[in-house]
Amino acid sequence: MISRLESGEEDVHGQDWNSLDQQAQQAYLDERRLAYLSEQVVNWCPKLGTALANEEVIDGKSERGGYPVHRKPLRQWMFRITAFADRLLADLDTVDWPDSTRAMQTEWIGRSEGADLDFELSNGSQLRVFTTRPDTIHGATFMVVAPEHPIVEQVLKDSPDGCDANAVSTYVEQAASRADVERMADQGDKTGVSLGITASNPATGESIPVWVADYVLMGYGHGAIMAVPGHDERDAAFARTYGLSIQTVVASGSEVEECFTGDGTVINSSTPALSLDGLSSQEARTAVTEWAEQQAIGTRKIRYRLRDWLFSRQRYWGEPFPIVHDEHGGIWPISETHLPVELPPLADFAPEESDDPQPLLAKAKDWINTTAGEAGVDPTLLDPTTPVTRESNTMPGWAGSCWYYLRYCSPDFDSGLVDPQAEKYWLADGVDLYIGGAEHAVLHLLYARFWHKMLYDLGFVSSTEPFRKLFHQGLLTTWAYQRSDGSLVPIDEVEEHENDLYIETATGDEVTRIIAKMSKSLRNVINPETVIEEWGADTLRLYEMYMGPLEASKPWNPRDIVGVFRFLQRFWRLAVDEETGEIRAGDEADDGIERQLHRTIEKVGNDIPKLAFNTAIASLIEFTNLATSTGTLTRDQLDRIVRTIAPLAPHLAEEIWHRLGHQQSVAQAPWPDFDPSMLVDDMIELPVQVKGKVRSKISVAADADEATVQEIAMADERIASLLEGETVRKVIVVPGRIVNIITG
RNA sequence: GCCGAAGUGGCGGAAUUGGCAGACGCGACGGAUUCAAAAUCCGUUUCCCGUUAAGGGAGUGUGGGUUCGAGUCCCACCUUCGGUACCA
């Protein structure tokens, strides 16, 4: 029945199901649940006193705090995110996200196409491997299994002839005790031990040795590989170290390469069992897979690098799982009417630094040990007097960050996740624009997508993706100082002298000023509060937007703040008489200013949706400078420019807006209109190039045709003198842009 | 190593589809105002040659290429930043 279900057949009857015993039913369901308990080798961080998800471990250290992480077996709650791997991958094409982020997620999900192949072993068992290169099967000259592979234990038990059991067990123990950090440090140096058994290469019929080596990971595929040293760098390195045979079975097409990992033409691969010579790698992959399927020794397989998501933590601060356990290992949900489960009060809830994984909530004995009725399990499921223990793990922070944006639609809605009406209104196509740091690329942004898809399947949300458009703001960097040996000096230990000379106060040595990330240790973190105190919130806001493109990392330079502050002051003085506090307004609108105003409204209106705040502000500064030097604005012009600056400097705008006599907030006012005809001048200046160099400028009517422009250009005094004695070969006129005269 | 992003004045940065490189701001220099300073206002400010000027030359990480014309497109390389790390 199970195999029929697996193959997608639908004629499975209830009686078939009922014929299974309860355990088998449970096992079948558990294998498919989105949330399940599983004994896992987890990333245990003793310092934090908790296990971490794969994504939270960076270079063998915890993402938060950078503490060492060890591998420990632990029974944990998992999310079957792998069941969504294909959708998470495919739907990346449907979102408007930065390429770099999509690339990161694509790699994290890591889809690879290949085949599972079974090899017969000399000890009578079978070894299953996954390979993306079935086309190189004739070149498989040895096999490698991970130290944790079950075959290793089996071999140790049987200890066949030719197996140095001591060497094997020593190697396996070493591999197990080594922390991930160490394992990473000596990448490239491959170590391993022969198991003393052989496998039969089904294509060549040859007996090839089986080795154990830690460059093969138990966590991917089957923890075993067929090694093709002729066409895989890692296998090649291993073969060279231990003098194993190397076979070339793919021609690179060019010169002889030691280890060619690309696709080419298959050679040296004709045996009675299977002949591939002359096929392309692509064709050979299909041929070998089909052959293996016929021989019942393999199947086509798509595999993902993505692993299931470890979703429990041993900390106090996290949502408790609404789950209790009975004495027989049964798992029972707490009914909805008893949700949410609240954390028990605890005198001491600091994490305990420990090598012995123990959830913190286990300390709350009275809370942990309860009855089904007390905990809130549906009495029709379980007798209320049944003694149960509460789940003592808690959820990680992601539990909240995965759906908070949904809650924003209807924060007061109390009969569900989100008000369906509000969800349809706000999130019909996901969040319109989501701005956040690139550091969330494979954490928050992948997890939230998974939750959203799950909620979509359950009918709670109407879009398949949570964040339609994603934008990463750049990091703010700042000055830091570096000694000649490369070490860094906190900024408050350095004195600035003239001519960009920087001296470390303690030693008197000269240090160099560099750009670095803001960090507590360098004491170069900027607190926005102090900027607001000194310059005001509008200045801070404007400065941050004016620094450069939103997505770029850029240095915080306090020296530049005064620039936007001056601008705001000038804008204020343009609108308000400093003596009286009254609005300064003229009666007569200057034509040049009016035109510039239309251009500014257009520019700001275009730039804001593009998040190009820096250029929007530049155009506002330009307008203000022009207006200040040319005269005063009319009331009507003030009215429009205040509305234009309002999104960028809301406080200033609001103040002037009210002095202009408006009762409502400027935020409620409509965006000012501009007249497209006001954007172009009647007469424009056009550069004239001779042989690609600008030699003069001419003034022509904006709508002048090419012939007229050419005539005026040729008639220009300077151009005429330059063209004297030259043959004009060609004249290029780009209307409204440029004239280029080619001579010779 | 691989993947991604980016290299433009003293500094942050502008620059439509390939069409005047350096908008705007900071800093610097000069001037006005002031008893003085702050603040404000005006002017200059890519570099080199040219006393000033007129003018000329070079110039967007490096080297080539395409084009009437390249910061922008193509090829090769260098550097910086971010991500990733034996995933078979």
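Reader: Why does D607 count as buried or exposed?

Author: This is a predicted model, and the relative accessibility computed for D607 is 2%. Buried means under 20%, so D607 counts as buried.

Reader: What makes K603 and D607 a salt bridge?

Author: The closest N and O atoms of K603 and D607 are 3.3 Å apart. The cut-off is a side-chain nitrogen of Lys or Arg within 4 Å of a carboxyl oxygen of Asp or Glu, so the pair is a salt bridge. Both residues lie in helix α20, 4 residues apart, which is about one turn of the helix.

Reader: Why is K603 called buried, exposed or partly exposed?

Author: K603 has a relative accessible area of 32%. Buried ends at 20% and exposed begins over 50%, so K603 is partly exposed.

Reader: How do you know that E594 forms a salt bridge with R640?

Author: The closest N and O atoms of E594 and R640 are 2.9 Å apart. The limit is 4 Å, so the pair qualifies as a salt bridge. E594 lies in helix α20 and R640 in helix α22, so the bridge ties together parts that are 46 residues apart in sequence. E594 is buried at 14% relative accessibility, and R640 is buried at 10%.

Reader: What makes R643 and D639 a salt bridge, and where do they lie?

Author: The N to O distance between their side chains is 3.2 Å. That is within 4 Å, so R643 and D639 meet in a salt bridge. The two residues are both in helix α22, 4 residues apart. R643 has 15% relative accessibility and counts as buried, while D639 is buried with 14%. Elsewhere, salt bridges that share partners join D91, R449, K453 and E465 into one network. By this rule the model has 23 salt bridges.

Reader: How many disulfides are there?

Author: The count is 0. C409 serves as an example: its sulfur is 16 Å from the closest cysteine sulfur, which belongs to C402. A disulfide needs the two sulfur atoms within 2.5 Å, so the distance from C409 to C402 is too far for a bond. C409 is also buried, with a relative accessible area of 14%.

Reader: What is the relative accessibility of C45, and what stands opposite C45?

Author: C45 has 0% relative accessibility and counts as buried. T50 in β2 stands opposite C45.

Reader: How do you know that β1 and β2 pair?

Author: 3 bridges join strand β1, residues 35–45, to β2. Pairing requires at least two bridges, so β1 and β2 count as paired. They run antiparallel.

Reader: Why is the sheet called open?

Author: Its 4 strands come in the order β2-β1-β5-β15, with antiparallel pairing. β2 (50–52) and β15 (309–310) stand at the edges with a single partner strand each, so one side of each is left without a neighbour in the sheet.

Reader: What makes A296 stand out, and is A296 buried or exposed?

Author: A296 has a positive phi of about 55 degrees although it is not a glycine. A296 is in the loop between α10 (281–294) and β14 (298–304). Its relative accessibility is 64%, and exposed means over 50%, so A296 counts as exposed.

Reader: Where is L611, and is L611 buried or exposed?

Author: L611 is in the loop between α20 (591–607) and α21. L611 has a relative accessible area of 11%; the limit for buried is under 20%, so L611 is buried. L611 is not a glycine, yet its phi is positive, about 60 degrees.

Reader: Which peptide bond is cis?

Author: One joins L339 and P340, with omega at about -5 degrees. P340 is in the loop between β17 (331–333) and α11 (365–368).

Reader: What makes S112 a polar contact of RNA strand B?

Author: A polar side-chain atom of S112 lies 2.7 Å from a phosphate oxygen of RNA strand B. The limit is 3.5 Å, so this pair is a polar contact. For R737, a polar side-chain atom lies 3.2 Å from a base oxygen of the strand.

Reader: Which helix gives the most residues to the surface near RNA strand B?

Author: Helix α21, residues 613–630, gives 6 residues. The residues of that surface divide into 20 nonpolar, 12 polar and 18 charged.

Note on methods. Residues are numbered from 1 along each chain as its sequence is written. Chains are lettered from A and ligands numbered from 1 in the order in which they are written. This is a predicted model: local features need pLDDT of at least 70, side-chain atom pairs count only at pLDDT 80 or more; totals for chains, interfaces and linings use all residues. Side-chain values use heavy atoms; hydrogens and water are left out. A polar contact is a pair of N or O atoms within 3.5 Å; within protein, one must be able to donate a hydrogen and the other to accept it, and residues adjacent in sequence count only if both atoms are side-chain atoms. Ala, Val, Leu, Ile, Met, Phe, Trp, Tyr, Cys and Pro count as nonpolar, Asp, Glu, Lys and Arg as charged, and the others, Gly among them, as polar. Buried means under 20% relative accessible area, exposed over 50%, partly exposed in between (1.4 Å probe, protein chains only).
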